[in-house]
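Open your viewer and get your selection tool ready. We will go stop by stop, choosing residues and looking at what surrounds them.

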Amino acid sequence: MTAPTYGALLLRGLLAGLIAGLLAGVFAYAAGETKVDAAIAIEEANAHAAGDDGHHDDELVSRDGQKGGLFLATGLYGVAMGGILATAYTVLRRRLRTSSDTRAALGLAGAALLGIVVVPYLKYPPNPPAVGNPDTINQRTISYLAIVVIGLVAVWAGVVAARTQPVEWRRALAAAAGFLVVVTIGYVLLPAINEVPATFPATLLWNFRIASLGTQAVMWSALGLGFAALATRPARKPATEKESVAVA
């Protein structure tokens with residue numbers, strides 16, 4: 001059986017990404033929207049205490065519109081990530097040292113979750129509305145993009161380090177060491193950003209960050225499983241005795 005073309009893999013990746021994005025949207029809506037509402041209520045209360053009337057008539061999108069747009073945003077994000085995963089699978093499949101297409105797809109999705117989500121999350125965890133200085137948005141954006149790149153480089157360094165060792169337990173240690181060295185250097189070089197007011201409820205902040213991480217975990221888990229199911233080729237059945245005689 002011939003391998004699927006890049007076009008076929010891309011379409012399957014986009015479909016898997018759309019499904020994963022919608023599932024992530026459902027999780028984000030159920031687990032995160034109440035935290036966002038609570039954070040907005042705190043922002044409005046602080047504005048009212050400071051003399052502002054707290055009204056936002058000039059908002060381009062209402063809260064109801066934002067909640068509905070959540071599924072559009074996560075769906076588009078999932079489609080984009082599905083396209084990237086399909087492209088990475090096409091380019092790197094022959095270099096992955098596994099004969100299983102399913103393991104290759106899941107491994108790439110797991111590597112993306114680690115490098116794109118977990119590494120940046122630990123350095124710059126997400127904050128709810130009303131947290132963050134608008135004057136530092138450019139610095140925060142650049143720092144976040146930098147740590148995403150560093151996360152991917154760290155995953156690559158772990159893979160390269162693991163391949164230098166012939167023994168399995170040494171490969172695991174080498175992978176962890178290579179990964180941690182790059183991450184540690186990135187964490188030290190990039191600036192620390194902590195703009196959470198001391199008066200902001202710690203429990204609300206923690207729950208919001210857990211919901212954000214859970215949304216990403218749902219998205220990448222569903223994307224990896226969906227792409228593996230859609231893109232992997234079934235194993236070739238061994239020829240029967242009659243087929244072997246016919247071929248002979």
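What does the accessible surface of the protein come to, and what percentage of it belongs to carbon and sulfur atoms? The surface is about 15100 Å², and carbon and sulfur atoms account for 66% of that. Keep in mind throughout that you are looking at a predicted model.

**Stop 1: the whole chain**

Start with a cartoon view. You should find seven helices and zero strands, so to speak a plain α-α-α-α-α-α-α pattern when read along the sequence. If you colour by burial, 31% of the 248 residues count as buried. Now switch on contacts between residues at least 6 apart in sequence: 84% of them join residues at least 24 apart.

**Stop 2: the largest nonpolar core**

Next, select L85, Y89, M219, W220, L223 and F227. These have the most contacts inside the largest nonpolar core, which has 21 residues. Four helices each supply at least two residues of this core: helix 1 (6-49), helix 2 (63-92), helix 3 (101-123) and helix 6 (202-231). Helix 3 provides the largest share, seven residues.

Stay here and centre on F227. Which residues is F227 in contact with, leaving aside its neighbours within four places in sequence? Show L9, R12, G13 and A16, then L85, A86 and Y89, and finally A105 and T232. Two of the names in that list, L85 and Y89, were also in your selection for the core.

For a side trip, select V119, I147, V155 and L190. They are included in a second, separate core of eight residues.

**Stop 3: the largest pocket**

Rolling a probe the size of a water molecule over the atoms shows where empty space is left. The largest pocket has a volume of about 1200 Å³. To find its centre, select P126, N127, Y144, F208 and S212, which lie nearest to that point among the 38 lining residues. Helix 1, helix 2, helix 3, helix 4 (137-162) and helix 6 each give two or more residues to the lining. Helix 6 contributes the largest share, eight residues. Colour this lining by class and you will have 24 nonpolar, nine polar and five charged residues.

**Stop 4: the second largest pocket**

Now move to the second largest pocket, where about 1100 Å³ of space lies. Select L96, L108, A111, V155 and V159: of the 29 residues that line this pocket, they are the closest to its centre. You have already met V155, as one of the residues of the second core. Helix 2, helix 3, helix 4 and helix 5 (168-189) each give two or more residues to the lining of this pocket, and helix 3 gives the most, with eight residues. By class, the lining has 21 nonpolar, three polar and five charged residues.

**Stop 5: R209**

For the last stop, select R209, in helix 6. Is R209 buried or exposed? R209 counts as buried because its relative accessible area is 17%, and the cut-off for buried is under 20%. Not counting residues up to four places away in sequence, R209 touches Y121, P125, P126, N127 and V196. P126 and N127 are familiar from the centre of the largest pocket. To finish, draw a distance between the C-alpha atoms of R209 and G32: they are separated by 8.8 Å, although the two residues are 177 residues apart along the chain.

Definitions and conventions. Residues numbered from 1 in each chain as written. Predicted model: local features only at pLDDT ≥ 70, side-chain atom pairs only at ≥ 80, totals over all residues. Heavy atoms only, no water. Core = buried A, V, L, I, M, F, W, Y, C linked by side-chain atoms within 4.5 Å. Buried < 20%, exposed > 50% of the residue type's maximum accessible area, 1.4 Å probe, protein only. Contact = heavy atoms within 4.5 Å. 1 Å grid on protein atoms, 1.4 Å probe; cavity = no way out; pocket = protein on both sides within 12 Å on 5 of 7 lines; lining within 4 Å. Points joined across faces, edges and corners; volume = space filled by probe spheres on them. Nonpolar A, V, L, I, M, F, W, Y, C, P; charged D, E, K, R; others polar. Areas by Shrake-Rupley, 256 points an atom, 1.4 Å probe, with all protein chains shown as cover.
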